[in-house]
Amino acid sequence: MRSGLAARRPKKAAVLQKVFEERLVWAINGVEITDIFLETLKEEFAEYKELETSGYRLAEKKKVIRSLMNIRMPGALSDALLNLQDMYLQEERKAKGIVSLADIPTIREQFDSSFAHADKVSLWQGDITRLEVGAIVNAANSRLLGCFVPCHRCIDNAIHSAAGMQLREECSRIMGRRRLKYGKNYEEPTGTATLTSGYNLPCAYVIHTVGPIVSGRLNETLCRDLQNCYENVLQCCLQHHIKSVAFCCISTGEFHFPNDKAAEIAWKSVAAFLKTHGDRMERIIFNVFKDEDRDIYKRLFMC
């Protein structure tokens with residue numbers, strides 16, 4: 001499948017809504033939600049409407065669903081389509097399992113850290129979309145619309161895929177307002193923090209931040225930009241009374257920021273924040289996916 005705007009054949013809204021409503025009734029009555037949601041999504045795309053998926057295995061069907069969600073441009077979403085999607089994503093969420101704060105040890109418990117606020121910091125390795133916290137942090141791109149590459153392995157894609165198509169819609173509305181204010185070519189600058197709802201994620205909110213891209217040698221400007229990401233996300237938490245937040249490893253993937261330096265900046269930013277605002281946060285989680293990042297943070301905590 002190619003990314004970008006997929007061609008759509010003309011549809012009569014009332015007829016399509018009726019089809020969606022009928023399928024929603026079938027889903028509620030116990031018919032396989034994956035098949036129904038897949039067929040409904042295919043209705044959105046003229047070029048994929050006739051794609052034969054009946055012989056696909058379940059994992060292959062889910063890959064097609066995620067791909068179609070990934071390439072769908074912002075646009076009106078019917079209540080019936082969203083209901084189908086939400087039922088599907090809630091089942092996916094249940095299958096992955098939800099991880100609450102109570103399930104995650106602090107660095108005081110895990111590493112016997114002597115840091116003054118060690119009871120408010122955690123290191124957790126795994127899928128950030130499973131975390132039932134106040135907010136998770138998304139390493140976004142400057143368009144702020146999520147990743148359009150089908151099933152891409154970046155965190156931006158993972159978060160949008162698990163949250164649902166409403167997340168791209170909200171981001172599009174936000175960017176639309178900003179383009180009216182700043183001009184039609186506006187893109188989100190590096191280091192800011194933008195709050196949205198979490199939708200089908202266990203977290204209440206997603207905070208989107210655009211990290212710096214390292215294309216050559218690392219310099220002070222890039223380091224300061226990454227520090228701004230952490231500081232502005234934490235200020236966003238204060239502003240919106242968010243008591244727990246999970247940071248991904250901002251900029252260390254597709255944006256090529258060195259992992260060890262990125263972790264050092266993240267840790268120093270969080271430690272400085274807690275010295276001033278520790279009483280206003282319940283937990284700050286460093287979420288890692290790779291063993292390399294887990295080991296880097298562990299060393300920092302023990303210093």
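Is Ser-251 buried or exposed, and what is its relative accessible area? Select Ser-251 to begin: this residue is buried, with a relative accessible area of 5%, where buried means under 20%, exposed over 50% and partly exposed in between, for a 1.4 Å probe and protein chains only.

The model is predicted, so local features need pLDDT of at least 70 and side-chain atom pairs count only at pLDDT 80 or more, while totals for chains, interfaces and linings use all residues. Residues are numbered from 1 along each chain as its sequence is written, and side-chain values use heavy atoms, leaving out hydrogens and water.

Ser-251 sits in the loop between strand S7 (244-247) and helix H9 (259-277), helices (H or I, at least four residues) and strands (E, at least two) being DSSP runs numbered from the N terminus. Its phi is positive, near 75°, although the residue is not glycine. Most residues other than glycine have a negative phi.

Next, select Asp-112, in the loop between helix H5 (107-111) and strand S2 (121-125). Asp-112 also has a positive phi, of about 55°, and at 65% relative accessibility this residue counts as exposed.

Finally, select Met-69, Asn-70, Cys-147, His-160, Ser-161, Gly-164, Met-165 and Arg-168, which line the largest cavity. A cavity is a set of points on a 1 Å grid over the protein atoms alone where a 1.4 Å probe fits but cannot get out, and lining residues have an atom within 4 Å of a point. Helix H3 (58-71), helix H6 (155-163) and helix H7 (165-182) each supply at least two residues of this lining.

Methods:
1 Å grid on protein atoms, 1.4 Å probe; cavity = no way out; pocket = protein on both sides within 12 Å on 5 of 7 lines; lining within 4 Å.
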